[in-house]
Amino acid sequence: MAVVFEKTKGLTDAPFHYCPGCTHGIVHRLVGEVLEELGVLGTAVGVASVGCSVFSYNYFNCDMVQAPHGRAPAVATGIKRCLPDNVVFTYQGDGDLAAIGTAETVHAATRGENITVIFINNAIYGMTGGQMAPTTLPGQITQTSPYGRDTATAGHPIRVCEMLATLDGTALAQRVSVDNVKNVMAAKKAIKKGFENQINKRGYSIIEVVSTCPTNWGLSPQESIQWLRDNMLPYYPLGVYKDVTEGGSSHE
Amino acid sequence: MSEKVLMKGNEALAEAALSAGCRHFFGYPITPQTEISAYLAKRMPKVGGVFLQAESEVSAINMVLGAAATGHRAMTSSSSPGISLKSEGVSYIAGSDLPALIINVQRGGPGLGGIQPSQSDYWQATKALGHGDFQLYVLAPSTIQEMVDFVPLAFEVGEKYRVPSMILSDGMLGQMMEPVTLPDSDSATASDKPWAVTGHKNQRQRNIANSLYISTTELERLNIERFQRYDEMKKHEQRAESYLTEDADVTVVAFGASSRVVRSAVNAARAQGIKAGMIRPITLWPFPVDAIQKTIETTKEYLCVEMNMGQMVDDVRLAVEGKRRVCFYGRTGGVIPTPAEVLEQIKTLAGKEA
């Protein structure tokens, strides 16, 4: 019998613990597929960060290190400096990357650290039960912004790709979504480019995936996708914010 | 290399790290450890190694975590306030069962404290450099030669038991110069690291460096297993120097820089007919309980001398088990006690008023 579809070898057989409608599962699959297609599963080392995706060390079919909260870029730096020919990536959420790990993120990018960063932005702390994140939208209700995020006291959301695009060490800063088939395909292409950049020693690549958190948003999976389109995408426009492979300067 | 060279403590330690096969240093500037970073910034590129000045102490120790996970010998150095910042990463390194080397060239505290020599991070190094049930292997050098010799030892013992190691130095040992014999370059003994995260090459099971265990029984089992290794260390890795202790009435306990002062005071006491001796703990963890307990029968009075408000004295009292009185004399804030001050203390305890 002809095989028409197979699960990627980039993922283990461990069942995901993610909630129904959460987009972590799609992004995991895309990363797994890209690692498999590039033939780098045997040399890949992933860094799991604190948050819902901390258990990604059970899912990605490669060697993994679990980092303290926010420190994934620093841990990845240590790995990459020891194993420059291996493929090293981090998989981080918004609280991890843009709050407690902002310094690690900015400096890994500005050093042009030759790693690939998958950034899940769902505007909330998922694992701890739905607190305000650095990317929580103005007015968005969370456990710790029960009256809606008041920018007068809680400040404004951070647009990570726009910020990192200003740094010379950043090779790729691209924001994608996985809310429909077309965007899933585009997200995979961006993730692949992020890993190819590393193989070609171009420096720091970040792919931000605007994502859902139905459980903590208090919405059904379907409503979450719509909420993402209506609220997240206007604040976090999809697009390429920096790409040195398209006529830009190459960073060695 | 067998000839002696005159070197500053921090630089000698840095050179010893290269001899020990360490090619990955991650640091952040702070006085009085600066020469370690500066020396390795010069030398690492020449030997194909990595010197990386991180954006913070927090990042530096996490870079060490990543490097250690790959099985490479990696280190960081700092001074007291910077070591506090590293405590998060040290706990994760310990929880992930990774060997790595952390250097603390101590200065006075708490807070920003001062920049003069101190031993006030004894508690931190031996009891709680981070959250959770864990220990570091802690070595306390008292000479520049020991600053050199303890680097390979720290790596080797750390790798044997899969624990992070610390060399607890201080601003005096870091800044002073003494003649030292440096080890042959690359005299390092390589150990097998089947746990290293290097990419599975499709040839083995995945390796995962991790400290997260949601299952209570699994976390308990791993902590118990780790403490079984600590018990082995307590049995086999205690180190101490006993100096004139066989017949000593007054046994002084001191480590690191303060032991240099105490040695002079003990010699002066002996010259005056007072039977004084010294136990110098070399491993602060595991604490050399055996060396101290050997002296309980013959010692009349114990005196613990430290450059802090009295920290190691707790461990000395635990070792003596209440069988003898243990007194304390210390200077703090970066002040170094003089031999004359310590001699006064010894004389008082020996019943000979000054």
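Which residue of strand 12 of chain B is the bridge partner of Val253(B)? Keep that pairing in mind while moving through this predicted model, beginning with one whole chain and then turning to the sheet in the other.

**Chain A as a whole**

Select chain A, in which there are nine helices and seven strands. Its C-alpha atoms fill a box of roughly 50 × 50 × 35 Å along the principal axes, and its radius of gyration of 17 Å agrees with the value near 18 Å that a compact globule of 252 residues would have. If you colour chain A by burial, 55% of its 252 residues count as buried. Among its contacts between residues at least 6 apart in sequence, 68% join residues at least 24 apart.

**The sheet in chain B**

Now select strands 10, 12, 11, 14 and 15 of chain B, which in that order form an open sheet with mixed pairing. Strand 10 and strand 15 (326-330) of chain B are the edge strands, each pairing on one side only. Stepping from one strand to the next, you will find that the twist averages 20 degrees.

Add helix 11 (residues 312-320) of chain B, which packs on the sheet and touches strand 11, strand 14 (301-306) and strand 15 of chain B, its direction making about 155 degrees with that of strand 14 of chain B. Then add helix 12 (residues 339-349) of chain B, which also packs on the sheet, touching strands 11, 12, 14 and 15 of chain B, and whose direction makes about 165 degrees with that of strand 14 of chain B.

**Strand 12 and its neighbours**

Zoom in on strand 12 (residues 276-281) of chain B, where six of the six residues are buried, so that the strand is largely enclosed by the rest of the structure. Both of its faces are covered, with Ala276(B), Met278(B) and Arg280(B) buried on one side, and Gly277(B), Ile279(B) and Pro281(B) buried on the other.

Next, show strand 10 (residues 240-243) of chain B, which runs antiparallel to strand 12 of chain B and is joined to it by four bridges; in this pairing, Ala240(B) stands opposite Pro281(B). Strand 11 (residues 250-253) of chain B is likewise joined to strand 12 of chain B by four bridges, but these two strands run parallel. Here Val250(B) has Ala276(B) as its bridge partner, and the opening question is settled by Ile279(B), the bridge partner of Val253(B).

Finally, select helix 9 (residues 256-271) of chain B together with strands 11 and 12 of chain B, and follow the right-handed β-α-β unit that these three elements make.

How values were computed
Residues are numbered from 1 along each chain as its sequence is written. Chains are lettered from A and ligands numbered from 1 in the order in which they are written. This is a predicted model: local features need pLDDT of at least 70, side-chain atom pairs count only at pLDDT 80 or more; totals for chains, interfaces and linings use all residues. A residue is buried if 20 or more other C-beta atoms lie within 10 Å of its own, exposed if 12 or fewer, and partly exposed in between; C-beta atoms are placed from the backbone. Two strands pair if DSSP finds at least two bridges between them. A crossover is right-handed if, with the strands pointing away from the viewer, the path from the first strand over the helix to the second runs clockwise. The radius of gyration is taken over C-alpha atoms; the globule rule is 2.2 Å times the number of residues to the power 0.38. Two residues are in contact if their C-beta atoms, placed from the backbone, lie within 7 Å. Axes are lines fitted to C-alpha atoms, for helices over the stretch in contact, and angles run from 0 to 180 degrees between N-to-C directions.
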